[in-house]
Amino acid sequence: MVFSSSLFLFYFLPAVFLAYFASMKLFGTGVSNIVLLAFSLFFYSWGEGLYLFIMVVSIIMNFFIGVLIQTSRFRRSVLNIGVLLNLALLIYYKYIGFIVQSVIDSAAFAGIAVDFTAPEVHLPIGISFFTFQAISYIIDVYRNEAKAQRNVLNLGLYISLFPQLIAGPIVRYSTVDAEIRERTITLSAVATGLRLFVVGLFMKVALADTMAYTVDTLAEYPVEALSSGTSWMLAISYSFQIFFDFAGYSLMAIGLGRAFGFTFPSNFDQPYTSLSIQEFWRRWHISLSSWFRDYLYIFGLGGNRRGAFRTYVNLGIVFFATGIWHGASWSFVFWGFMHGFFIILERTGALSFLQQLPKLFQRLYLLLVVITAWVFFRVEDFGDAVIVVKNMYVPTDGGHPLFSHISMHTNLMYWTVFAICLVWAFASPNTPKIVEQRASQISASGWDAAKSFGALLLLVISLLIVVSNTYSSFIYFRF
Amino acid sequence: MTKISQLLWILSFIVLLTGVGLSSIKDAILGSEIERSVTEGRSLSTISAAVKNNRFMSSDFRNAVETAVSDQIFERDALIRLWRRFSVGLMGYETSETVDIGREGFWFQTGTNMYSRVPCASPIETSERNSSFIAESIADFVEDMKSQNTDTLMIVVPLQSTVTPSLLPASIEPLCAKEFEPLQRRIAYLRERGVPVFYDLEFMQESGVEQFYNKKAFHWHRGGAARYSEEAISEYSSVRKEWGQDFRNRLYKGSKSKTQDIDIARYLGVAPMLQEYQNPAYKGRREYRGSVAASIKKGFLENSIRNHIKQKSLKQSKYSQARRSVSNEKVLLIGDSFTEASLEFWSFYYSEVLNVTSNHIKQENGAVRGLVEIFEPDLVIIVFEESKFTPLRSGGPNWRSLGRMFKRSERTN
């Protein structure tokens, strides 16, 4: 079930709140953890059915690995095995078909006969997220940044907690370790958490989904027939769609976590206002980029400690991993490499040059790179994506008025939402900061009341849209 | 004061969600399936039906429960209309209980979000309306067929609501009554380009709509499909020698044809071709029919069949083989879902009929041409209901994929 579904909003969420807050009040953190765990496992099984066993296997496996790392003499070996086992789970369910198909294609290219076809394996929802969380847990235990969890149910709660299970943010174990063991619920935290949830819901159902209509329409057309205008419209609309979809979902997860007493880190910080690709990755999907930075780049590959050339190789590996993490497709790999290329370029001196230019040019550079890269993220066929990018930069009026006129695919609703997206993404401060901001003492209560009223309005609008809409799923659902 | 406002906010949040949930739960669990949504014109599902009809916690059960929960939201129809009044009003449309009325009098069934995606939702110039991507694509395709000595016939089916405008909501002004008639222009365009197109609204109206449609059904029934198709081949009897003759008495009672669902990829031998194509040793093989090999190389397999097999979108086609028929020839019957009711009729006439609908060929502009190359029909019959030509009509026509289906592609030439 998705957060924007009727079942979740009107049945699951009230039931969780009732059971959780009652158990917290009556029995404390321990019992409330069990309640949350039960609801989280139910939440996952509702979407994945019997594939819940994969999560249970992951929980039990990492529980024993964590304990062994802490108690065994062969800590590093246990860690290596643990990481490999987690990656094996991820690779099998997410990448085996892609790997086999790539082998077949490569063999065909090399003139070698092969006699097998790629297997079709079900991809469990959120496996990329909870696997990375599990890996961060065992690495944190190894680095003595956290003690191994001796209560398998608590570890299960960390791995399966439903607010961030499906699409992040990726929460480090060390961040929530103390809160899992003991936490308090305050009125202010619950109020703030629910406001964050509502704002995230609005970002998803009102903004992202509206952009999605236009994107889905344009993406269905034969790409050769798209004009430059409609190609840019596809790319820009998708840039807004993916941001508001993903940032919205993250905000919902963070908000629910806050209401339950957990402090999840922020995942987006106005990324489209960045002035370089390096800065972009400090503001976009922060939990993922920092995970790759800390666990792969620094811990796994040595970071920048082994010379310039090795640093660039490491960056290439990290962005290959970033791309492939998003999807088992060479288009995603290319997207990752594109970002990696510009990061390396900036590190070799381009950034210094860039910083001498007016901010407008720096912004333009950032937006051109990022928006162009999103085309490879959205258009499934790599060849088609290349054609769309070509249409964007080589003026063309397209093959038919139907595909080339922007007015054919927009209306006042689209432009209204587009304007909101523009202001929200570029001109407004970081969304969580607004929601959490404390006003001066004089107007504290007025500001709080205004935020509550605003949130209530957004909630009513969002619920109306949810009821009106058909099923919609998050973009990052299958990562 | 801050604490009070926070408490009020939390209570409002919980009361709103819980209130809607509790108000809906009785109907969700105990509601009757007979209850219909006026807004959407369909029966609403219930949890009790989901439980009764599906294995507990199976994926069908979970989907059915989610649907039931959505269907039974407290005052759902009213909430939908409330939102649509705002969102549709923002675009300058009017909205009523069942339809939205656009600026030029066209209409859409309320309950679908498709209107924002339907082309021509914004006014376009008359000259652009005169040409149609679909009509051009179909005309190009028919020209191709002619060059290969393959006959074609196009049958455009009037919808029940067009035959009997009284079925439309009172607030609608039927488009066909207006001076501006894109459907007629597109048919005229096709005929000018030499495509035999049969569209006879008067025939249906004079015969009586019940001869073609069951009451309130969207699709025509088999009898109606047969009657209309008979009229079509009567009108175009000069195209084929077996048309226009009355074989009914001889064939209808005695003819037997076996119709089966087929995996068209495997039927046409494309799946083995795919596996062999993946084997580079095939490059030297000469036993394939030359044109098929050319299609394969040009991307028919690369882009089309692999995806189609994977998406299973070619597996729902129907193939009919008759023991006795008027003609021993082969027919490729393509179009929308209206082809299915007419399959039986055509299988009386032809020994082999391969029926593939546009629903099952996704967005691949080489697919139909590839099918023609492999199946080698003697005749191609195209059947579409009229709204597939007229984007202004209700129903969210799947015209985009239709256009792509027929569009000439460099990759398969």
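Is Ile134(B) buried or exposed? In this predicted model, Ile134(B) counts as buried, since its relative accessibility is 3%, and the legends below place this residue and several others in their surroundings.

**View 1. Ile134(B) in helix α6 of chain B.** The helix that holds Ile134(B) covers residues 133-147 of chain B. With a relative accessibility of 3%, Ile134(B) falls under the 20% limit that defines a buried residue. Although Ile134(B) and Arg186(B) are 52 residues apart along the chain, their C-alpha atoms are separated by 8.9 Å.

**View 2. Leu153(B) in strand β6 of chain B.** Strand β6 runs over residues 151-157 of chain B and includes Leu153(B), which counts as buried at 1% relative accessibility. Beyond its neighbours within four places in sequence, Leu153(B) is in contact with residues that include Pro196(B), Ala232(B), Ile233(B), Tyr236(B) and Trp243(B), and its contacts also include Trp346(B), Val380(B), Ile381(B) and Ile382(B). By contrast with these contacts, Lys52(B), which is 101 residues from Leu153(B) along the chain, has its C-alpha atom 46 Å from that of Leu153(B).

**View 3. The pairing of strand β6 of chain B with β12 and β7.** Six of the seven residues of β6(B) are buried, so the strand is largely enclosed by the rest of the structure. Strand β12 of chain B, made of residues 379-385, pairs with β6(B) in the parallel sense over seven bridges, and within this pairing Leu153(B) stands opposite Ile381(B), a residue that is also among the contacts of Leu153(B). Strand β7 of chain B, made of residues 197-198, likewise pairs with β6(B) in the parallel sense, over two bridges, with Val197(B) as the bridge partner of Met154(B).

**View 4. Helix α16 of chain B and its buried residues.** Helix α16, residues 339-349 of chain B, is mostly covered, in that nine of its eleven residues are buried. Among them are Thr339(B), Ala341(B), Ser342(B) and Leu343(B), together with the aromatic residues Phe345(B), Trp346(B), Phe348(B) and Tyr349(B). Trp346(B) links this view to the second one, as it is among the contacts of Leu153(B).

**View 5. A nonpolar patch on the surface of chain A.** The patch is formed by Ile34(A), Val56(A), Ile60(A), Phe64(A), Val152(A) and Leu153(A), which together have about 480 Å² of accessible area. Helices α3 (52-71) and α6 (152-160) of chain A each supply at least two of the patch residues, and the largest share, three residues, comes from α3(A). Leu153(A) lies in helix α6 of chain A and is partly exposed, with a relative accessible area of 38%, whereas Leu153(B) counts as buried.

**View 6. Chain A as the setting of the patch.** The secondary structure of chain A comes to 20 helices and zero strands. Its radius of gyration is 23 Å, close to the 23 Å that the globule rule gives for 479 residues, so chain A is as compact as a globular protein of that length. Along the principal axes, the C-alpha atoms of chain A fill a box of roughly 65 × 65 × 50 Å, and 61% of the 479 residues count as buried. Of the contacts in chain A with a separation of 6 or more, 78% involve residues 24 or more positions apart. Chain A exposes about 18400 Å², and carbon and sulfur atoms supply 68% of this area.

Technical notes. Residues numbered from 1 in each chain as written. Chains lettered and ligands numbered in written order. Predicted model: local features only at pLDDT ≥ 70, side-chain atom pairs only at ≥ 80, totals over all residues. Heavy atoms only, no water. Patch = residues over 30% accessible without salt bridge, like charges linked within 9 Å, V, L, I, M, F, W, Y side chains within 5 Å. Areas by Shrake-Rupley, 256 points an atom, 1.4 Å probe, with all protein chains shown as cover. Salt bridge = Lys/Arg side-chain N within 4 Å of Asp/Glu carboxyl O. Helix = DSSP H or I, 4+ residues; strand = E, 2+ residues; numbered from the N terminus. Buried < 20%, exposed > 50% of the residue type's maximum accessible area, 1.4 Å probe, protein only. Rg over C-alpha atoms; globule rule 2.2 N^0.38 Å. Contact = heavy atoms within 4.5 Å. Pairing = 2+ DSSP bridges.
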